[in-house]
Amino acid sequence: MERVIQETDNDAFSCKISAITKRYLPSSEQKKIGNYEHYEDIHLEFCKEIKSRSRRKYANITKACRHSLPVMNYGTYLRTVSIDLKLTQWLKNNLENPADKVQVINLGCGSDLRMMTFLASFPGVQWLDLDYKDVVTFKSTILRSNAKFRASLQIEGDLPEEPSSIENVITDRYQLLPCNVTDDEQLIPILKKYTDFSVPAVILTECVLCYLHESKASQLISTVTGLYKQGYWISYDPIGGSQTNDRFGSIMQDNLMESRQLSMPTLMVFNSEDKYKERFPGKSEIQTMWDYYQNHLEDSERQRLKTLQFLDEIEELQVIFSHYVICTTNWRI
Ligand code: SAM
């Protein structure tokens, strides 16, 4: 099961590249509020490195780009933009003075390259990326072998000789480390060593909690929220739906199991906005991507999106995006 879960990172990254090459990302608002000038270059550079290392992963990306349906690109757009904007807002609020420090911990980071943009935009941020060893090794090998990534992340030391692989990246402001985040014996020592429990922390789980068993996910939430004095958790996931005639969750579960023997153990447990939000301690807010699309995008941005690809299935967007949520939780202990 671990291997199948790790593979989901390829889908996430392929979708991101598709949304970037089709000009969904970065959004107008991202460009207004942050340093997204090199966003496309960063992602295409990473793709180039994937091409030279894994034909299979690269084929996945090109296939996703060729066949990308508008609904997928809208989904990736909403997921990425909503997370980035919430993260930016929180960082701005918590980094008012030049001496302020915060840390971002991305649990199940996969190939996400968000740290590049945020480390460049916010000098007071420290960033920790964690994922399973194979995922981390692939990502760190690329980051440490590429001159542009080395420069932007300030990775020192000799360039590794190909085809050696490296299991981590450790710099002053950025660490990428292997860790099964549901195993406290691995997680807690890493958090103790590389983060500071008295410094405000943002925890990111983007399409990660949905793959964990209920008890493991709740243990992860209670472990992490029990460590940091002040924190903000941003979590993005699908929810199964709670209405009696809502078949979204069961169809999704069947499809995932049939096509790749993959399960989402809590899709039908935290199947509504209320249930999803209640799994977190502290003060939580939650919204569906449909709500985000309708109420948080400027009209001009919705118009811009419409020009990118022909989209006639607005009802389909509503059904799908009502089943994806972004939840944010503030806590203090
Ligand atoms: N968060 C990234 C993003 O949205 O681009 C990747 C999402 S991908 C769908 C799920 C990721 O979670 C995979 O990279 C997988 O390896 C990671 N993951 C799932 N369970 C994990 C665990 N117990 N420990 C570490 N990583 C985990």
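**Reading strand S4**

Author: Let's start with Leu128, whose bridge partner in S4 is Gln175. By the way, this is a predicted model, so local features need pLDDT of at least 70 and side-chain atom pairs count only at pLDDT 80 or more, while totals for chains, interfaces and linings use all residues. Residues are numbered from 1 along each chain as its sequence is written, and side-chain values use heavy atoms, with hydrogens and water left out.

Reader: Why is S4 called a strand?

Author: Strands are DSSP runs of E with at least two residues, helices are runs of H or I with at least four, and both are numbered from the N terminus. S4 covers residues 174-178, and it has five residues, so it qualifies under the cut-off of at least two.

Reader: What makes S2 and S4 a pair?

Author: Two strands pair if DSSP finds at least two bridges between them. S2 (residues 125-131) and S4 have five bridges, in the parallel sense, so they pass. Another bridge links Leu130 to Leu177.

Reader: And what about S3 and S4?

Author: They have two bridges, in the antiparallel sense, so the cut-off of at least two is met. Gln175 of S4 is also the bridge partner of Ile170. S3 and S4 form a hairpin with three residues between them.

Reader: Why is S3 called an edge strand?

Author: The open sheet of eight strands runs S3-S4-S2-S1-S5-S6-S8-S7, with mixed pairing. S3 (169-170) and S7 (283-288) each pair on one side only.

Reader: Why is S4 called largely enclosed?

Author: Buried means under 20% relative accessible area (exposed is over 50%, partly exposed in between; 1.4 Å probe, protein chains only). Four of its five residues are buried, so the rest of the structure largely encloses S4.
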